[in-house]
Amino acid sequence: MTNDEFIALTTEAGFEEGWVEVCKVRAELTRLIELAAAKEREACAQVCMDRSSLDTPWDCAEAIRARPE
């Protein structure tokens, strides 16, 4: 993840601009984002695996998008 992506995510999450850059939890926040992304990827992969009768990649994408948030 680039620095710009990290800053954009933390800003979108509601962190005050500049706060994350000066605090000492940046490594922990980065790891949290990475863990959440990995969990989401696995959940999406499982949707496709569970629906092995899908005919097209678009069917899989549709099933992923239909997941509850």
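This passage walks through the fold, the surface and two residues of helix α1 in a predicted model.

The confidence comes first. Mean pLDDT over the chain sits at 83, with 99% of the residues reaching 70 or more. Broken down by element, helix α3, which spans residues 26-50, has the highest mean, 87. At the other end is helix α2, covering residues 19-22, whose mean of 74 is the lowest among the elements of the chain.

As for the fold, it's helices and no strands: the chain has four of the former and zero of the latter. Going along the sequence, the pattern reads α-α-α-α. The radius of gyration comes out at 16 Å, whereas the globule rule gives 11 Å for 69 residues, so the chain is more spread out than a compact globule. A box drawn along the principal axes around the C-alpha atoms has sides of roughly 50 × 20 × 15 Å.

Turning to the surface, 16% of the 69 residues count as buried. The accessible surface adds up to about 5,800 Å², and carbon and sulfur atoms account for 55% of that area. On the charge side, the chain carries 8 positive and 15 negative charges. Take the mean position of each set, and the two points lie 6 Å apart.

Now for a look at individual residues, starting with T10. This residue belongs to helix α1, which runs over residues 3-12. With a relative accessible area of 5%, T10 falls under the 20% cut-off and is therefore buried. Once its neighbours within four places in sequence are set aside, the contacts of T10 are with F15 and V20. Of these partners, V20 has a number that falls within the 19-22 range of helix α2.

I7 is also placed in helix α1. Not counting residues up to four places away in sequence, I7 touches E21 and R26. The residue ranges put E21 in helix α2 and R26 at the start of helix α3. L35 makes for a longer-range reference point: I7 and L35 are 28 residues apart in sequence, and their C-alpha atoms are 17 Å apart in space.

Put together, the model shows a chain of four helices that is more spread out than a compact globule, with T10 of helix α1 buried at 5% relative accessible area.

Note on methods. Residues are numbered from 1 along each chain as its sequence is written. This is a predicted model: local features need pLDDT of at least 70, side-chain atom pairs count only at pLDDT 80 or more; totals for chains, interfaces and linings use all residues. Side-chain values use heavy atoms; hydrogens and water are left out. Helices (H or I, at least four residues) and strands (E, at least two) are DSSP runs, numbered from the N terminus. The radius of gyration is taken over C-alpha atoms; the globule rule is 2.2 Å times the number of residues to the power 0.38. Buried means under 20% relative accessible area, exposed over 50%, partly exposed in between (1.4 Å probe, protein chains only). Accessible areas come from the Shrake-Rupley method with a 1.4 Å probe; for residues, only the protein chains shown count as cover. Lys and Arg count as positive and Asp and Glu as negative; His and the chain ends are not counted. The place of a charge is taken as NZ of Lys, CZ of Arg, CG of Asp or CD of Glu. Contact means heavy atoms within 4.5 Å. pLDDT is the predictor's confidence in each residue, from 0 to 100.
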